[in-house]
Amino acid sequence: MVNALVDMYMKCGAADKAIQLFDECVDRNLVLYNTVMSNYVKLGKVKESLDTFREMLDLGPKPDRVTMLSVITSSAELGDYSFGMQCHAYVLRNGLENWDNISNSLIDMYAKSNRQELACRVFDQMPNKTTVSWNSLLAGFARNGEVESARRVFDEMPERNLVSWNTIIAALVHESLFKEAIELFHSMQKEGLIPDEATMVSIASACGYLGALDLAKWTYNYIKKHNINRNVRLDTSLVDMFARCGSPKIAMEIFDSMKEKDVSAWTAAIGAVAMEGNGKRALELFEEMVMLGVHPDAVVFSGLLFACSHSGLVKQGMDIFETMKECYNITPSIVHYGCVVDLLGRAGFLNEALDFINSMPVEPTGEIWSSFLSACRTHKNEKMASFAGEKLTKSNNEKTGAHVLLSNIYASFGKWDDVANVRMRMREKGMKKVPGSSSIEIDGVVHEFTCGSESHPLNGIIASMLDEINGRIRDEGYFRDLTNVLMDVDEGEKEFLLSRHSEKVAIAFGLVSSGRGVAVRVVKNLRMCLDCHTFAKIVSKVYDREIVVRDNKRFHFFRRGECSCGDYW
């Protein structure tokens, strides 16, 4: 009777009442202990589950397989690998390993402890491998970033369920294999499985990072057509997806239609307007959020500082930084400090940015010096750039992008010996510069171009279009800014290299592959250079086409010879 009441209370969320009954019971048997522990696990109170287990050991009842299932699951959630090993030893000594649920929990425990080889050993020794067993192994590889092994396990599974598909698709997205994730989603559809909200969160994320607007619209329509449950998490992913695909209008329409909005949803909305450089609207959204009683977190403030930085709102950005500390008691992270350095440096306040760096309560990282160095390059301050370059070198920053930036700045000042030294250090460290690439979606197919690439089937037509474009925009006063070619080559070679930047090739392809009035949408993996920015502005005017470029910093909406960034990026 007591056991049934305890179980009922805990399942109804009245854990306090259940524990009161449990404490008052003088004859606690194994079944009662198992009921309390298993319900604690379901409620996420794994520490309390283990505390109950230890009490049970002191009082005498011998653990059975139900007990050990709760205990191993709790160990996995707490990341207590040592205790989990002891549990495994008990299971082996008492012949409990043949129960599928026990083995599945052991696989999960070892995977969460980053002991995948032991998880595999448990799996291999199982006489009856269920779909749950396969999913546990699959999830372990996915969790530990071993996506190739995860894909191998997925392909070998004799039977897959929705959990299997969701796990592998999410793993591919997490490892930035966005095209592969979408291809696998289409394979899932062919097998007749109906996705759920977890599936579509991953697909929305993949579409967003690809910047494929047509695919994003198809995804959104698919969700509506199949009545997939739209919870806060999925709607937030849709807001982020459309923002990353260069459609802040649709993103905000979805946000405005949300019945429930948590801090993540507000963060996505702020990010949507921030990416188009609308800092004032981002600040307005923040005020609305606070008025509705939603407590901001550190991520919200990162988005606000980003918005202010890309809109030139220096005073407002500094006020936000102080508000974060004083009103919400949020300790700034290195990300927030980097945003402030970018805010000041981007606006040309280099002395103030340097003073801010020197006043930071934490040691400036390579990312901080990279941000400052970028500002020095933008404002052509060679002296400060040299100082920042020295600091960056001493910071032992292992990120390739930081060294490429330093090399590019030396090149822009004509310091070719320093360029050679930086590139030599990069070779010694095994670093390779990421080549610039731009992608564009035409009729649901994503085409990717790299600088000077001639491998596209329509290369001849693209080259002819580029020649036509260059002729027409030259009549509008365009001339190539050769300072954007950061190589020690002659003028003729600089002219050619600059004319074949990947975003120019993508824009030319977009113009010949889409009809009049259709926006040309390009995704660039690096920052758009000044010459390409000027090129896109004039092309949008001459051809009367909207051109949208998402680089690694923000969106640029080119219309009638102007850019939404106001030449401030």
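Student: Is Val6 buried or exposed?

Tutor: Let's start with a reminder that this is a predicted model. Val6 is found in helix 1, residues 2-11. Setting aside residues up to four places away in sequence, Val6 touches Ala18, Leu21, Phe22, Leu32, Thr35 and Val36. The cut-off for buried is under 20% relative accessible area, and Val6 has 0%, so Val6 counts as buried.

Student: How many Å separate the C-alpha atoms of Val6 and Asp417?

Tutor: For scale, the C-alpha trace of the protein chain spans about 95 × 55 × 50 Å along its principal axes. Val6 and Asp417 are 411 residues apart along the chain, and the separation of their C-alpha atoms is 76 Å.

Student: Nice. How many helices and strands are there in the protein chain, and what share of its residues is buried?

Tutor: On secondary structure, the chain holds 30 helices and six strands. Among contacts with a separation of 6 or more, 61% are between residues 24 or more positions apart. As for burial, out of 569 residues the buried share is 50%.

Student: Which helix gives the most to the largest nonpolar core?

Tutor: That core has 140 residues, and the members touching the most others are Phe242, Phe255, Phe286, Leu304 and Phe372. The biggest contribution to this core is nine residues, and it comes from helix 17, residues 263-275.

Student: Which residues does Phe255 touch, not counting residues up to four places away in sequence?

Tutor: Phe255 is one of the core members with the most contacts to other members. With the sequence neighbours left out, its partners are Val239, Lys261, Ala265, Trp266, Ala269 and Leu285.

Student: Why is helix 13 described as largely enclosed by the rest of the structure?

Tutor: Helix 13 covers residues 197-210, and at 1.5 Å a residue its 14 residues should span 20 Å, which agrees with the 20 Å between its end C-alpha atoms. Its buried residues include Thr199, Met200, Val201, Cys207 and Leu210. The helix is largely enclosed because the number of its 14 residues that are buried is ten.

Student: What happens at the start of helix 13, and what phi does Gly211 take just after it?

Tutor: At the start, a side-chain oxygen of Asp196 comes within 3.1 Å of the backbone nitrogen of Ala198. Just past the helix, Gly211 has a positive phi, of about 70°.

Student: How many residues of helix 29 are buried?

Tutor: Helix 29 runs over residues 502-513; its twelve residues should span 16 Å at 1.5 Å a residue, and its end C-alpha atoms are indeed 16 Å apart. The buried residues include Glu503 and Lys504, along with Val505, Ile507 and Phe509. The helix is largely enclosed by the rest of the structure, because of its twelve residues the buried ones number ten.

Student: What kind of aromatic pair do Tyr478 and Phe535 form?

Tutor: A search of the whole structure finds 20 aromatic pairs. Tyr478 is in the loop between helix 27 and helix 28, while Phe535 is in helix 30, 57 residues apart. Tyr478 counts as buried at 7% relative accessibility, and Phe535 counts as buried at 0%. The ring centres are 6.2 Å apart with 75° between the planes, and an angle over 60 degrees is the cut-off here, which makes the pair edge-to-face.

Student: How far from the centre of the Trp99 ring is the charged end of Arg65?

Tutor: There are two such arrangements to look at here. The charged end of Arg160 sits over the ring of Phe154, 4.3 Å from its centre. For Arg65, the charged end sits over the ring of Trp99, and the distance to the ring centre is 4.4 Å.

Student: Is Asn227 buried or exposed?

Tutor: Asn227 is found in the loop between helix 14 and helix 15. Its phi is near 50°, a positive value in a residue other than glycine. Most residues other than glycine have a negative phi. With a relative accessible area of 68%, Asn227 is exposed.

Student: What is the phi of Lys380 near?

Tutor: Lys380 lies in the loop between helix 23 and helix 24. At 64% relative accessibility, Lys380 counts as exposed. Its phi is positive although the residue is not glycine, with a value near 55°.

Conventions
Residues are numbered from 1 along each chain as its sequence is written. This is a predicted model: local features need pLDDT of at least 70, side-chain atom pairs count only at pLDDT 80 or more; totals for chains, interfaces and linings use all residues. Side-chain values use heavy atoms; hydrogens and water are left out. Helices (H or I, at least four residues) and strands (E, at least two) are DSSP runs, numbered from the N terminus. The expected span of a helix is 1.5 Å times one less than its number of residues. Buried means under 20% relative accessible area, exposed over 50%, partly exposed in between (1.4 Å probe, protein chains only). A polar contact is a pair of N or O atoms within 3.5 Å; within protein, one must be able to donate a hydrogen and the other to accept it, and residues adjacent in sequence count only if both atoms are side-chain atoms. A nonpolar core is a set of buried Ala, Val, Leu, Ile, Met, Phe, Trp, Tyr and Cys residues joined through side-chain atoms within 4.5 Å. Contact means heavy atoms within 4.5 Å. Rings of Phe, Tyr and Trp (its six-membered ring) pair if their centres lie within 6.5 Å; planes under 30 degrees apart count as stacked, over 60 as edge-to-face and the rest as tilted. A charge sits over a ring if NZ of Lys or CZ of Arg is within 6 Å of the ring centre and within 35 degrees of the ring normal.
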